[in-house]
Amino acid sequence: MFTPLGLFRDIPCPQGQECTLLTCMFSHTVTNPPPEVDQSAKSAQAEKEKEPTAAQEHEPPPPKKQKLQAPTEASKSKTEDKPPPSLRHGTSGQRATPKTQVGIKPQTTNQNPAKLQSLSRRVSPPPSKAGPSTGKRDAATPVKLEQRPPLRKAPRESLNPRMLAKAPVSHGVRLSILTKLHAAMSALNEKIVKDKENKDKTIILTPNELITMALDEEEKTAKGNASVYGNVIKLRIVKLSKMSQEDWMKEVKAHLNERYYKTTSNEADQKPAVLTTGLSNQEEVAIAGRLVTPLEGLEQYGYVTKAPTDEEIEGARKGVAESKGWEKCDRCGGRFQVFPGRREDGSLTTGGQCTYHPGKPFYPPRKRTDHITGHKEAYFTCCNETIGTSSGCTKGDTHVFKVSETKRLASILQFEKTPAQPDKGSLPPVCFDCEMGYTTLGLELIRLTAVSWPEGKELLDVIVRPMGEILDLNSRFSGVFPEHYNNATPPHDGSAAPATTSTSEDGEVKLTPLQVVESPAVARTLLFQLLQPETPLIGHAIDNDLNVCRIIHPTVIDTVILYPVGAGLPNRMSLKTLSRKYLDRHIQTGGNRGHDSKEDAIATGDLVRVKAAETWKVLKTKGWAIQGDQLVPPPGATDDAGPVWKLGPGAGQKRTSSDLG
């Protein structure tokens with residue numbers, strides 16, 4: 001019989017009480033009575049029960065109760081306490097058998113309830129001497145209720161290394177290292193528990209969360225550093241043993257944000273590490289010309305390359321009028337009615353509150369061990385609830401909707417192509433990001449941010465007043481709150497200057513209020529001032545940003561296309577995942593504060609810089625060179641590395657074979 005691993009400890013044993021195994025892998029909630037019960041007493045009691053009295057013949061059978069395990073001889077010798085009178089035999093005075101204890105008659109009117117209180121009293125377990133390294137909290141020093149972290153529903157796992165396709169060392173070595181790693185983490189967690197000055201109780205980990213954190217780190221090291229696994233993990237254990245409480249709290253917040261998305265981390269306020277590619281800004285700009293993606297042929301995925309005609313727009317308006325305001329909620333999927341301009345009673349929508357899951361559903365990948373442990377069910381990332389078990393974990397004041405059809409978007413605000421500005425000459429690439437909120441006209445632009453590329457300096461950052469009445473600013477994701485509108489300042493001289501910083505006397509850096517523009521059309525005009533038709537415009541899932549601004553731009557670099565998932569579109573990887581994977585940078589960690597569009601724009605630009613450095617490594621081996629701001633192929637070579645785009649005068653035009661010669 002192999003050693004139980006705890007994989008079936010929550011499953012009742014199929015044999016029930018007839019199981020004869022000494023060490024069974026299944027759960028046994030009720031144990032069989034010991035065999036040392038006096039057989040004569042059992043037979044006498046059985047004969048007595050076979051002769052019911054006259055009163056018992058008309059009484060209903062007593063309710064079944066669990067069998068109580070009789071004390072062993074060793075336990076009897078350790079204590080001199082006698083059983084309560086209510087559990088003794090009336091005449092013999094001998095110890096009651098388990099059967100007589102179970103078969104106690106229901107109380108009658110002349111019985112004293114105080115005598116039977118011991119039956120319902122919960123017996124407290126003895127204080128455990130096991131330390132925190134055992135994975136169970138010491139019962140003698142429980143955590144106070146106000147110190148317990150919010151429910152994060154950590155998976156129940158045993159302190160056993162996760163199965164890998166190719167493990168770096170043997171299972172025994174991994175288990176020994178994992179145990180020491182868990183013990184070091186538990187010791188640090190206990191310090192947080194005992195710290196009375198700590199007011200942030202959300203970083204206190206439960207036993208299950210400690211095990212999960214140790215398993216995650218050991219598995220990550222085993223997969224990423226297989227050749228030096230032992231050295232890396234041992235150095236990590238030593239670092240944990242010497243780690244300060246402040247550093248441990250930062251690591252716990254980062255772990256919780258990555259796995260549970262429940263706490264607010266201070267990492268969002270810290271400046272990310274400077275990205276170095278080994279190339280100058282001019283060289284990066286020259287290489288970025290090869291990363292431009294033509295949008296023709298991608299219309300089915302939401303990219304707009306041609307403005308809808310007047311006939312299409314008129315048809316869309318008629319369809320909206322005939323629908324009488326009925327829309328499908330973008331959150332819960334329910335039907336509701338919307339009233340732009342408000343109804344007579346002042347309401348904007350029908351349907352009352354909206355109950356929904358703000359997080360996206362996550363489908364765990366299948367593993368080779370699923371036939372043993374069972375495949376994990378899909379769940380929502382916002383609350384870890386299994387899909388289909390609840391209608392939602394969050395309530396909104398109203399239902400909301402999103403418009404995706406191009407001609408209907410144009411019926412609200414027509415698309416415009418980026419105008420040419422001959423007096424400005426060529427302009428450097430621009431990286432931009434938009435935030436959206438829900439209004440009575442759908443999902444509208446409420447913030448627009450643009451930064452220079454590759455420097456990442458702010459060019460434009462404005463708050464936008466939408467055209468429809470606001471239903472929900474979507475602050476959880478957009479990061480825009482009503483205070484932004486209340487504190488915003490109007491732009492001066494018809495242009496939006498970037499927000500500047502001011503330092504107070506105590507050294508704290510504070511941003512001046514953002515500027516506000518009166519409509520998405522005005523924000524679009526401000527962005528056009530930074531662009532030429534041939535200027536590379538960089539974004540993540542840039543179709544969403546372009547459509548909400550109603551812009552048609554011919555020269556774009558989309559990180560969704562640069563970093564494809566599986567077979568490519570429509571599959572997309574989130575910006576947060578890409579940043580963590582390729583930049584080793586954690587973004588969007590503000591929790592309920594939402595996203596920062598400037599942070600997202602800079603991260604998007606850095607992803608393009610990483611891809612530019614990778615592209616240059618390939619081109620350099622083939623003899624390509626950079627002359628000024630242009631990428632030049634080797635003499636006599638054919639352009640076999642994709643389209644070449646100029647970023648100087650005439651940029652955006654594909655070079656011909658004569659240009660390459």
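Student: What share of the 661 residues of the protein chain counts as buried?

Tutor: In this predicted model, 39% of the residues count as buried. The chain exposes about 38,700 Å², and carbon and sulfur atoms supply 53% of that area.

Student: What makes Phe 336 and Phe 401 an aromatic pair, and why is the pair called tilted?

Tutor: A search of the whole structure finds four aromatic pairs. Phe 336 and Phe 401 form one, with 6.4 Å centre to centre and 55° between the planes. Ring centres must lie within 6.5 Å, and 6.4 Å meets that. Stacked needs planes under 30 degrees apart and edge-to-face over 60; 55° fits neither, so the pair is tilted.

Student: Where in the chain do Phe 336 and Phe 401 lie?

Tutor: Phe 336 belongs to strand β2 (residues 335–337), while Phe 401 is in the loop between β6 (394–396) and α13 (406–412). They are 65 residues apart, and the pair links distant parts of the chain.

Student: How do you know whether Phe 336 and Phe 401 are buried or exposed?

Tutor: Buried means under 20% relative accessible area. Phe 336 has 0%, so it is buried. Phe 401 has 2%, so it is buried too.

Student: Why is the pair of Tyr 563 and Tyr 582 called tilted?

Tutor: The centres are 4.6 Å apart, with 45° between the planes. Tilted covers whatever is neither under 30 degrees nor over 60, therefore 45° counts as tilted. Tyr 563 is in the loop between α18 (559–562) and α19 (575–583), and Tyr 582 is in helix α19, 19 residues apart.

Student: How are Tyr 563 and Tyr 582 classed, buried or partly exposed?

Tutor: Tyr 563 has 4% relative accessibility, under the 20% limit, so it counts as buried. Tyr 582 has 33%, which lies between 20% and 50%, so it counts as partly exposed.

Student: What lies over the face of Tyr 563?

Tutor: Lys 611 does, at 4.4 Å from the ring centre. The distance limit is 6 Å, and 4.4 Å is within it. Arg 290 likewise lies over the face of Trp 624, at 4.7 Å from the ring centre.

Student: Which residues of α19 are buried, and what puts them on the same side of the helix?

Tutor: The buried residues are Leu 575, Lys 576, Leu 578, Ser 579 and Leu 583. They cover an arc of only 165° around the axis, so they are on the same side of α19. These buried residues pack against α9 (245–259), α18 and α20 (597–621). Just after α19, Asp 584 takes a positive phi of about 55°.

How values were computed: Residues are numbered from 1 along each chain as its sequence is written. This is a predicted model: local features need pLDDT of at least 70, side-chain atom pairs count only at pLDDT 80 or more; totals for chains, interfaces and linings use all residues. Side-chain values use heavy atoms; hydrogens and water are left out. Rings of Phe, Tyr and Trp (its six-membered ring) pair if their centres lie within 6.5 Å; planes under 30 degrees apart count as stacked, over 60 as edge-to-face and the rest as tilted. Helices (H or I, at least four residues) and strands (E, at least two) are DSSP runs, numbered from the N terminus. Buried means under 20% relative accessible area, exposed over 50%, partly exposed in between (1.4 Å probe, protein chains only). A charge sits over a ring if NZ of Lys or CZ of Arg is within 6 Å of the ring centre and within 35 degrees of the ring normal. Accessible areas come from the Shrake-Rupley method with a 1.4 Å probe; for residues, only the protein chains shown count as cover. The arc is that of the directions from the helix axis to the C-beta atoms. Contact means heavy atoms within 4.5 Å.
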